[in-house]
Amino acid sequence: MRRRSDERADAAALRTATATGGHLATWAQLHDAASAVRGFAATLEPAAPVLLIVDNTPASAATLIGLTAAGVDVLPVEEVSSHLADLLAPSRNPGVRTVVGPARAAGTQPAGIAFLRYERCRAQPDEASAPRARRLGEVLQLTSGSAGEPKIVRHSLANVWQGGHTYRQILDLTPADVVVAAVPLAHSFGLVGALTAAIVSGAELRTTQRFQPGRLADMLAAEATVLFGTPQVYRLLTPVMHRRPTPARLRAAVSSGGPLSADLGVRARAVLGVPVRQFYGSTETGLISYQPDLDGELPDPSVGVPVPGVRLRLTRAEPDDPTGAGQLSVYTPTLFHGYLGGSGPVCTPDGFYDTGDLARLDADGRLHLLGRKDTFVNVGGRKVNPTRVARILGEHPEVREAFVFGLTDADGEQRVHAAVVLGPGTDRADLAEHCRARGLAPYEVPHELHPLDRLPRTAMGKVDRQAVIAAVTAVPIGSEV
């Protein structure tokens with residue numbers, strides 16, 4: 001940050017679009033604000049993590065950088081997070097005594113929790129304050145919670161910066177780039193992939209306080225060279241971009257946070273003028289693999305090749321499986337230090353972490369994800385891959401979205417369920433016939449269909465499994481197919 005301030009003091013570092021205009025910080029302003037926060041941090045309670053509400057503004061970014069540089073452990077949470085109240089509840093509080101955020105968030109914290117505005121954290125500390133020990137704080141990150149209760153992952157600041165350098169290297173980011181991040185900076189993809197990569201490369205970062213497809217389209221037209229988004233972002237952006245010119249300077253589009261369907265990849269490429277490259281990783285591991293290029297006409301069904309320094313290990317799920325599919329474990333240079341409050345090892349003795357994903361490697365060394373081992377449905381002793389069933393359902397012209405999962409019935413047997421967003425007048429029997437025609441065995445065809453107006457999603461665009469289950473149990477069960 002100091003180097004950027006010295007070399008490009010007046011150049012734009014971070015712009016945030018808001019409903020009423022926006023915020024802009026130059027490199028000098030961002031550095032000075034972070035330095036002021038670092039000085040103020042000596043007044044905070046030692047060893048207590050700070051919950052930081054990140055609203056994607058320069059003030060929130062400077063506060064995050066300054067606190068961690070001062071040795072404070074910081075838990076970034078987006079402003080609209082549904083987990084915010086849970087994290088501060090006495091029964092679940094991970095030791096947080098202070099919440100930092102925008103002025104409008106004041107008064108939302110429970111009794112006994114102090115609230116500080118971003119601006120207050122830049123105030124001059126009391127001279128009597130004891131200096132903080134010289135250590136770098138940890139960045140505490142929430143897992144997505146899409147498959148259950150979120151955990152809090154512990155990452156060193158060195159991990160975050162290493163991850164930023166990896167994104168910089170892969171995307172060849174330079175000070176000439178304008179990076180548009182349509183993702184929350186509180187999440188790993190936005191924090192490491194966008195914010196940190198922009199800092200280490202000197203690229204300008206542009207983001208929004210609230211996601212709006214039209215506003216994002218405007219940002220792409222204004223000199224954007226790299227776009228960060230989730231599949232949900234590309235799904236919502238594509239129809240808007242049909243009415244806009246192709247972004248003149250855009251050279252790379254990155255998608256993470258879930259699988260990008262082939263159809264969406266084709267449609268997004270048509271309006272953006274560049275292929276959308278899938279990046280794969282997790283909050284625990286950092287970036288695992290990336291698509292290095294997409295020169296062909298057809299979308300790449302893989303999640304690419306391992307990033308530098310990453311090693312993969314596949315433990316065969318079925319010894320006789322000719323595809324070589326197996327349970328994926330990884331070693332990454334940015335592997336987490338464990339879960340906050342957890343005990344016991346999280347990795348194998350030789351440093352590999354079980355991702356929970358089933359995968360295979362093709363002849364070109366590209367990684368293909370087949371689903372999660374804990375989401376496979378056991379139907380009478382036969383394993384059903386819900387990802388495959390959802391993909392086949394999604395190939396029906398009247399299926400807008402599909403999410404497949406297993407539920408246990410009163411007899412203790414698992415059944416295949418599908419929550420679907422359908423076109424008007426869609427015949428459920430036709431969907432069953434479509435599944436059979438695509439080669440699904442009778443036990444793989446969804447036993448229950450649950451039409452929904454939309455699929456509930458997390459902030460990163462992943463389908464929220466628990467919210468889906470809650471929604472389908474609150475509406476009449478669909479007919480068996």
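How much space lies in the second largest cavity? About 40 Å³. That cavity belongs to a predicted model, and a search of the whole structure turns up two cavities of 30 Å³ or more. Here is a friendly tour of both, followed by a look at an open sheet of four strands.

**The largest cavity**

- The volume of the largest cavity is about 100 Å³.
- Its lining is made up of Leu64, Ile65, Thr68, Val139, Leu157, Val160, Trp161, Leu191, Leu195, Thr196 and Ile199.
- Helix 3 (58-69), helix 5 (157-171) and helix 6 (188-201) are the elements that each give two or more residues to this lining.
- Helix 6 provides the largest share, with four residues.
- Sorted by class, the lining of the largest cavity holds nine nonpolar and two polar residues, and no charged ones.

**The second largest cavity**

- Around the second largest cavity you will find Ala13, Leu14, Trp27, Leu30, Leu195, Ala198, Ile199 and Leu205.
- At least two lining residues come from each of strand 1 (12-18), helix 2 (27-40) and helix 6.
- Helix 6 again deserves a look: with three residues, helix 6 gives the most to the lining of the second largest cavity.
- By class, this lining has eight nonpolar residues, with no polar and no charged ones.

**Residues to select in both linings**

- If you are colouring the linings in your viewer, Leu195 and Ile199 appear in the lining of the largest cavity and also in that of the second largest cavity.

**The four-stranded sheet**

- Turning to the strands, an open sheet is built in the order 16-17-19-20, with antiparallel pairing.
- Strand 16 (311-316) and strand 20 (367-372) each have a single partner strand and stand at the edges, so one side of each is left without a neighbour in the sheet.
- On average, and with direction ignored, neighbouring strands of this sheet are turned by 45 degrees against each other.

**Strand 16 and its partner**

- What joins strand 16 to strand 17 (residues 326-331)? Six bridges do, and the two strands run antiparallel.
- For a handy spot to inspect this pairing, go to arginine 311, whose bridge partner in strand 17 is tyrosine 331.

Methods
Residues are numbered from 1 along each chain as its sequence is written. This is a predicted model: local features need pLDDT of at least 70, side-chain atom pairs count only at pLDDT 80 or more; totals for chains, interfaces and linings use all residues. Side-chain values use heavy atoms; hydrogens and water are left out. Two strands pair if DSSP finds at least two bridges between them. Axes are lines fitted to C-alpha atoms, for helices over the stretch in contact, and angles run from 0 to 180 degrees between N-to-C directions. On a 1 Å grid over the protein atoms alone, a cavity is a set of points where a 1.4 Å probe fits but cannot get out, and a pocket is an open set with protein on both sides within 12 Å along at least five of seven lines; lining residues have an atom within 4 Å of a point. Grid points are joined across faces, edges and corners, and a volume is the space filled by probe spheres set on the points. Ala, Val, Leu, Ile, Met, Phe, Trp, Tyr, Cys and Pro count as nonpolar, Asp, Glu, Lys and Arg as charged, and the others, Gly among them, as polar.
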